[in-house]
Amino acid sequence: MTRVAAIDCGTNSIRLLVADADPRTGELTELDRRMTIVRLGQGVDRTGRLAPEALERTFAACRAYAEVVKEHGAERLRFVATSASRDAENRDDFVRGVLDILGVEPEVITGDQEAEFSFTGATKELTGRTDLHRPFLVVDIGGGSTEFVVGDDHVRAARSVDVGCVRMTERHLVRDGVVTDPPTEDRIAAMRADIEAALDHAEETVPLREAHTLVGLAGSVTTVSAIAQDLPAYDSGAIHHSRVSRDRVREITEWLLRSTHAERAAVPSLHPGRVDVIGAGALVLLSIMERTGAEEVVVSEHDILDGIAWSVA
């Protein structure tokens, strides 16, 4: 057994996993898993820079995570940063801050590396399942980007595209610094066109329609599952490996894009940090299901974070 810690810092959230990993059995025993909405990618699509207040929110979360890692006595720590910090001109400020707080340098990974970690984290425990047919298409819908990976036991093809719930919201649904609520049909159409163009780009590399099982990762997908189940609160156990039909995803997406901020905020399973971006995230998921013909999505709580932990072990 090796006690490891993994941190995934994305565009919208920063997450920590501390676990005992046993490479001989393929078991990852979770000790602590937590998530903080920091919106590191605030304004990056427009300015090309990480905002000072976004950096401070992220560093505050890092300080809290440093205490957790110390308490659990993790032997190894890996910190991976994804879309927002890849795009930012001032990412050196981010790197220095994390190094000072946690003692490790954040690895600003490529989209292809991100896809590899996501695939490993999502599918490692699906080995041997007879009810899920291969190949898998794993889609990780983040804040700034979405990763597409097709594979069986290993990755066959992968592509990262710059379409995520935060990026799409800021690009299409914000006017005068405020999210339009609800958005007009022309804004939704423009967002959909952006997503479709990204899917065209992904299909140049990844055979999206050859997969037999769609596995969906990250907050937009898990939140759609929570809404589909009408959960009274966010429940990882109920969400992990749940299945949501394409018709239900369409129904939820249409409601999210028609609803007001107050109506979305009243959903008990919806994290406050996702209220303004969940409509865009759900539309990305729906577009993928319609493009691939997937009748349902298998929702996984295990994703890039678990893949990072395995890479440390």
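Two strands are taken to pair if DSSP finds at least two bridges between them, and strands themselves (E, at least two residues), like helices (H or I, at least four residues), are DSSP runs numbered from the N terminus. The views below show a predicted model, in which local features need pLDDT of at least 70 and side-chain atom pairs count only at pLDDT 80 or more, whereas totals for chains, interfaces and linings use all residues. Residues are numbered from 1 along each chain as its sequence is written, and side-chain values use heavy atoms, with hydrogens and water left out.

**View 1. Strand β7 pairs with β6 and with β8.** Strand β6 (residues 136-141) and β7 are antiparallel and share 6 bridges, one of which sets Ile141 against Thr146 of β7; the hairpin that connects β6 to β7 passes through 4 residues. On to strand β8 (residues 155-161), β7 again pairs in the antiparallel sense over 6 bridges, with Val150 opposite Ala157, and here the hairpin has 3 residues between the strands. In a regular strand the side chains alternate between the two faces of the sheet. In β7, Thr146, Phe148 and Val150 point one way while Glu147, Val149 and Gly151 point the other way, and all are buried, where buried means under 20% relative accessible area, exposed over 50% and partly exposed in between (1.4 Å probe, protein chains only). Because 6 of the 6 residues of β7 (residues 146-151) are buried, the strand is largely enclosed by the rest of the structure.

**View 2. An open sheet of 5 strands is crossed by helix α4.** The strand order is β3-β2-β1-β4-β5, with mixed pairing. At the edges stand β3 and β5 (107-108), each of which pairs on one side only. Strands β1 (residues 2-9) and β4 (residues 76-81) run parallel and are joined by 6 bridges, and within β4 the bridge partner of Cys9 is Ala81. Helix α4 (residues 91-102) lies across β1, β4 and β5 and runs at about 160 degrees to β4; axes are lines fitted to C-alpha atoms, for helices over the stretch in contact, and angles run from 0 to 180 degrees between N-to-C directions.

**View 3. Cys9 and Cys62 are not bonded to each other.** The closest cysteine sulfur to that of Cys9 belongs to Cys62 and is 6.4 Å away, too far for a bond, since a disulfide is a pair of cysteine sulfur atoms within 2.5 Å. By this rule the count comes to 0 disulfides. Cys9 is buried, with a relative accessible area of 0%, and Cys62 likewise counts as buried at 0%.

**View 4. Arg39 lies in the loop between β3 (27-37) and α1 (44-47)**. With a relative accessibility of 16%, Arg39 counts as buried. Leaving aside neighbours within four places in sequence, Arg39 is in contact (heavy atoms within 4.5 Å) with Thr11, Asn12, Ala54, Arg57, Val166, Gly273, Asp276 and Val277. The side chains of Arg39 and Asn12 make a polar contact (2.5 Å), a term for a pair of N or O atoms within 3.5 Å of which, within protein, one must be able to donate a hydrogen and the other to accept it, residues adjacent in sequence counting only if both atoms are side-chain atoms.

**View 5. Helix α12 is largely enclosed by the rest of the structure**. Helix α12 (residues 278-292) has 15 residues and reaches 21 Å from its first C-alpha to its last, close to the 21 Å expected at 1.5 Å a residue, the expected span being 1.5 Å times one less than the number of residues. Of the 15 residues of α12, 14 are buried. Gly293, which follows α12, has a positive phi, near 80 degrees.
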